[in-house]
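Me: Can you go through this model with me? I'd like to start with one of the helices and then move around.

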Amino acid sequence: MMGVMASEETRAVKPTAARTPSAQGPLPPAPRAWAVRLVVVGIVLSALNLRPAITSLGALLEEVRDGLGMSGSVAGLLTSVPPLCFAVFGVTAPRLARRFGAGAVVCAGMVAITTGLLVRPYTGSTTGFLAASALALMGIAVSNVLMPVIVKRWFPDRVGSMTGLYSMALALGTSAAAAVTVPLTDTLGGGWQSGLAVWAALAGAAVLPWVPLVRDKGPGSAVGSVHARVEGAGPVQHVHARVEPTALRITRSRTAWALAVFFGLQATAAYITMGWMAQIFRDAGVPAGTAGVLLAVTMVMGVPLAFVIPRVATRLPHQGPIVLALGVCGLAGYAGLYLAPAAGAWVWAVLLGVSNCAFPLALTMVGMRARTGAGVAQLSAFAQSTGYLISIPGPLLVGVLYQHSGGWGLPIALMIGLMIPQMAVGVLAGRDRTVEDEAAAAAP
């Protein structure tokens with residue numbers, strides 16, 4: 001796999017005085033081969049665990065609601081907890097990474113996911129279920145933010161390829177949880193508690209690769225050293241230069257705001273889909289098992305596309321055309337859910353799966369819209385935290401509209417209405433510019 005990941009994404013960097021120890025002080029050692037391989041394994045296993053906590057619940061939402069006595073509005077609140085936790089806890093990730101190292105924080109995040117998933121089905125109350133879910137989602141939140149940072153730091157010449165690998169694993173974990181949670185529940189005796197708790201085993205496995213990396217903060221400094229293709233030097237060479245942190249006023253960048261809003265609107269669509277799409281199909285007369293498979297189809301579309309889209313995006317000067325293509329698929333899928341949810345269920349599931357690939361595109365643009373590791377860390381935290389704040393009302397509002405209207409017409413109209421601004425801000429975020437340049441230009 002690593003041989004396939006070409007290093008065409010990184011712009012050429014001319015050799016400078018930064019290459020000499022006398023100019024910049026002692027140079028950090030090159031990353032160790034075993035550490036690089038372990039990071040790849042850690043990225044893949046972690047990505048597999050970033051959505052099962054959500055999609056496994058979506059597949060069993062009706063059973064959980066009945067078991068805990070939830071109303072439709074409370075269930076809508078439950079589907080809004082993920083973006084709330086991502087916004088609240090994700091903003092702390094860069095600070096924690098600077099203090100403890102990104103590997104240590106992700107390791108702790110995987111422990112939190114394992115604990116939350118294991119505990120939440122057996123709390124016996126809605127409050128306890130929400131609290132344990134929040135613990136798991138806290139671990140997901142910090143890992144969400146730090147994955148682009150780890151990719152940029154360890155694989156700066158393969159941002160598109162590694163983002164694609166990470167996004168593909170994330171989509172695989174998402175779709176697997178949606179597809180097999182109901183059959184697993186039946187196999188384990190029919191109790192929804194065991195069907196949800198079983199995913200703690202996968203999260204526990206993701207802890208292991210990060211344990212040897214807890215004290216390893218990555219190649220170079222905590223801010224990140226430069227690994228670049230040296231112009232005219234032939235094969236990729238690792239050039240280590242100390243990069244000192246700079247005060248980046250990220251809020252002065254229009255691209256940062258556009259990317260944050262784009263991230264928020266695509267997250268709104270994704271969490272509405274993960275939380276409610278299976279229920280839409282079930283209310284249309286589709287059996288529960290088939291509805292779970294349809295949700296899995298939507299999620300599994302991201303497996304191949306999440307690998308392809310970042311690689312294509314890094315070759316384009318402007319990612320707007322990809323944004324528009326994904327948005328058109330989303331509009332068509334929502335229209336199908338409104339007009340013929342059961343008759344064309346498989347088609348709508350595929351179209352919405354393609355549309356949901358705005359997520360790996362957004363992650364790729366985070367890596368492309370900043371030049372340095374520090375810039376990526378700030379942009380990732382800002383875009384994801386602000387974006388998830390924006391996405392919080394969507395799933396909750398869908399639950400309220402569903403309960404008070406008695407049908408899916410108004411919720412689906414809301415989804416269609418949100419797709420238009422998502423396409424607009426995505427085009428703005430896709431322009432070829434960096435947040436460092438925009439923040440500097442806006443400085444007084």
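Me: What is the span of helix H7 from its first C-alpha to its last, and what would be expected at 1.5 Å a residue?
Reply: This is a predicted model. In it, H7 runs over residues 102-119, so 18 residues, and it reaches 26 Å from the first C-alpha to the last; the expected value at 1.5 Å a residue is 26 Å.

Me: How many of the residues of H7 are buried?
Reply: 13 of the 18, so H7 is largely enclosed by the rest of the structure.

Me: And the protein as a whole, what share of its residues is buried?
Reply: 57% of the 444 residues.

Me: What does the secondary structure come to, in helices and strands?
Reply: There are 21 helices and zero strands.

Me: What fraction of the contacts with a separation of 6 or more is between residues 24 or more positions apart?
Reply: That share is 82%.

Me: Give me one residue to look at. Where does Thr 55 lie, and is Thr 55 buried or exposed?
Reply: Thr 55 is in helix H3. Its relative accessible area is 0%, so Thr 55 counts as buried.

Me: What does Thr 55 touch, leaving out residues up to four places away in sequence?
Reply: Thr 174, Ala 177, Ala 178, Met 274, Leu 295 and Met 299. With Ala 178, the C-alpha atoms are separated by 5.2 Å, although the two residues are 123 apart along the chain.

Me: Switching to cavities. How many are there of 30 Å³ or more?
Reply: Six. The largest holds about 260 Å³ of space.

Me: How many residues line the largest cavity, and which lie nearest its centre?
Reply: The lining has 20 residues, and Leu 170, Ala 270, Met 299, Asn 356 and Phe 359 are nearest the centre. Met 299 is also one of the residues that Thr 55 touches.

Me: Which elements give two or more residues to that lining?
Reply: For the largest cavity those are helices H9 (159-187), H12 (254-283), H13 (288-300), H14 (302-315) and H17 (358-368). H12 gives the most, with five residues.

Me: How do the lining residues of the largest cavity divide into nonpolar, polar and charged?
Reply: Twelve are nonpolar, seven polar and one charged.

Me: And the second largest cavity, what is its volume?
Reply: About 120 Å³. It is lined by 13 residues, with Ala 53, Ile 54, Leu 57, Leu 78 and Pro 82 closest to its centre. The elements giving two or more residues to this second lining are H3 (52-59), H5 (72-90), H8 (126-154) and H12.

Me: How does the lining of the second largest cavity divide by residue type?
Reply: Into eight nonpolar, four polar and one charged.

Me: Cysteines next. How many disulfides does the count come to?
Reply: Zero.

Me: Why is Cys 357 not in a bond?
Reply: The closest cysteine sulfur, in Cys 329, is 9.4 Å from the sulfur of Cys 357, which is too far for a bond because the cut-off is 2.5 Å. Cys 357 has a relative accessible area of 2%, so Cys 357 is buried.

Me: What about the accessibility of Cys 85?
Reply: Cys 85 is at 6% relative accessibility and also counts as buried.

Me: Last one. Which helix holds Gln 378, and what does Gln 378 count as by accessibility?
Reply: Gln 378 is in H18, residues 373-391. At 26% relative accessibility, Gln 378 is partly exposed. The C-alpha atoms of Gln 378 and Val 435 are 9.8 Å apart, with their positions 57 residues apart along the chain.

Terms used: Residues are numbered from 1 along each chain as its sequence is written. This is a predicted model: local features need pLDDT of at least 70, side-chain atom pairs count only at pLDDT 80 or more; totals for chains, interfaces and linings use all residues. Side-chain values use heavy atoms; hydrogens and water are left out. On a 1 Å grid over the protein atoms alone, a cavity is a set of points where a 1.4 Å probe fits but cannot get out, and a pocket is an open set with protein on both sides within 12 Å along at least five of seven lines; lining residues have an atom within 4 Å of a point. Grid points are joined across faces, edges and corners, and a volume is the space filled by probe spheres set on the points. Helices (H or I, at least four residues) and strands (E, at least two) are DSSP runs, numbered from the N terminus. Ala, Val, Leu, Ile, Met, Phe, Trp, Tyr, Cys and Pro count as nonpolar, Asp, Glu, Lys and Arg as charged, and the others, Gly among them, as polar. The expected span of a helix is 1.5 Å times one less than its number of residues. Buried means under 20% relative accessible area, exposed over 50%, partly exposed in between (1.4 Å probe, protein chains only). Contact means heavy atoms within 4.5 Å.
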